[in-house]
Amino acid sequence: QVRLVESGGGLVQPGGSLRLSCAASGSIFNRNAMGWYRQAPGKQREMVALSFSGRASTYGESVKGRFIISRDDVDNTVYLQMNNLRPEDTAVYYCYVTNLLNRDEELWGQGTEVTVSS
C-alpha cells in the first residue's frame, strides 16, 4: 500500500511563507494528478492546487497568485509553496493523488496543520 507522507506545516505570521512537501512511499499512477486540499474548522474540504501529468496545474480561487505547486516525478513528490499567507489559510492541508484514468483510485495523506496567526 503506497502512503503519502506530508511535511512542512506549522505556525507562521500573516504575510509569511511556508513550503509543504508530500512524498509517495512507492510508485503511483502513471497518469495522475497530485496536489493539495485543505479543511478549516467547521468548513468543507476544498481544493487548493493540483498538478497534472503533463505539467498543467490548477488552483483554488483564494490562493491564485500566492501559492505555487510543483512536482518531482522522479521522486514522486509534490510541493506547495505558500506565500503571503493569511489567517484564512489556516487549515489542515491534505496531500492527494488520483489516477486520471480511473478517478475512483485515489490516495490521501494524513494531513499537516498550517496556522497563520500573529
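**Strands, a disulfide and a pocket in a predicted model**

Let me start with strand E11, where the side chains alternate: Thr-112, Val-114 and Val-116 are buried and point to one face, whereas Glu-113 and Thr-115 point to the other face and are not buried. As a general matter, side chains in a regular strand alternate between the two faces of the sheet. I should say at once that what you have in front of you is a predicted model, and I will keep to what can be computed from its atoms.

Staying with E11 for a moment, which strands pair with it, and in what sense? Strand E2, residues 10–12, pairs with E11 in the parallel sense over three bridges, and within that pairing Leu-11 has Thr-115 of E11 as its bridge partner. E9, by contrast, runs antiparallel to E11 and is joined to it by three bridges, with Tyr-93 standing opposite Thr-112 in E11. Just beyond, in the segment after strand E11, which spans 112–116, we find Ser-118, and this serine counts as exposed because its relative accessible area is 83%, above the 50% cut-off. If you would like a spatial reference for Ser-118, its C-alpha atom is separated by 9.2 Å from that of Leu-11, although the two residues are 107 apart along the chain.

From E9 we can move across to strand E4, residues 32–39, which is mostly covered, seven of its eight residues being buried. Eight bridges join E4 to E9, and the two strands run antiparallel, with Tyr-37 placed opposite Tyr-94 in E9. E4 also pairs with strand E5, residues 46–52, again in the antiparallel sense and over six bridges, and here Ala-33 stands opposite Phe-52 in E5. These two strands, E4 and E5, form a hairpin with six residues between them, and in the turn Gly-42 has a positive phi of about 75°.

Let me turn now to the other sheet I want to describe, an open one of four strands in the order E1-E3-E8-E7, with antiparallel pairing. Strand E1, at 4–7, and strand E7, at 67–72, stand at the edges and have a single partner strand each, so one side of each is left without a neighbour in the sheet. From one strand to the next, the twist in this sheet averages 15°. At the E7 edge, six bridges join E7 to strand E8, residues 77–82, and the two run antiparallel; Asp-72 has Thr-77 in E8 as its bridge partner.

Two asparagines in the loops around E8 deserve a careful look. Asn-76 sits in the loop between E7 and E8, and it has a positive phi of about 50° although it is not a glycine. Is Asn-76 buried or exposed? Its relative accessible area is 17%, so Asn-76 is buried under the 20% cut-off. Asn-84 lies in the loop between E8 and E9, and its phi, near 50°, is likewise a positive value in a residue other than glycine. At 43% relative accessibility, however, Asn-84 counts as partly exposed.

What of disulfides? A search of the whole structure finds one, and it joins Cys-22 to Cys-95 with an S to S distance of 2.0 Å. Cys-22 lies in strand E3, residues 18–24, and Cys-95 in strand E9, residues 91–99, so the pair ties together parts that are 73 residues apart in sequence. The torsion about the S-S bond of these two cysteines is about -85°, and the disulfide is therefore left-handed. Both ends are covered: Cys-22 counts as buried at 1% relative accessibility, and Cys-95 counts as buried at 0%.

I will finish with the empty space in the model. Rolling a probe the size of a water molecule over the atoms shows where such space is left. The largest pocket holds about 150 Å³ of space. It is lined by 14 residues, and those closest to its centre are Arg-38, Ala-40, Lys-43, Glu-46 and Glu-88. How does the lining of the largest pocket divide into nonpolar, polar and charged residues? There are three nonpolar, four polar and seven charged residues in it.

Note on methods
Residues numbered from 1 in each chain as written. Predicted model: local features only at pLDDT ≥ 70, side-chain atom pairs only at ≥ 80, totals over all residues. Heavy atoms only, no water. Disulfide = S-S within 2.5 Å. Buried < 20%, exposed > 50% of the residue type's maximum accessible area, 1.4 Å probe, protein only. 1 Å grid on protein atoms, 1.4 Å probe; cavity = no way out; pocket = protein on both sides within 12 Å on 5 of 7 lines; lining within 4 Å. Points joined across faces, edges and corners; volume = space filled by probe spheres on them. Nonpolar A, V, L, I, M, F, W, Y, C, P; charged D, E, K, R; others polar. Pairing = 2+ DSSP bridges. Axes fitted to C-alpha atoms, helices over the stretch in contact; angles between N-to-C directions.
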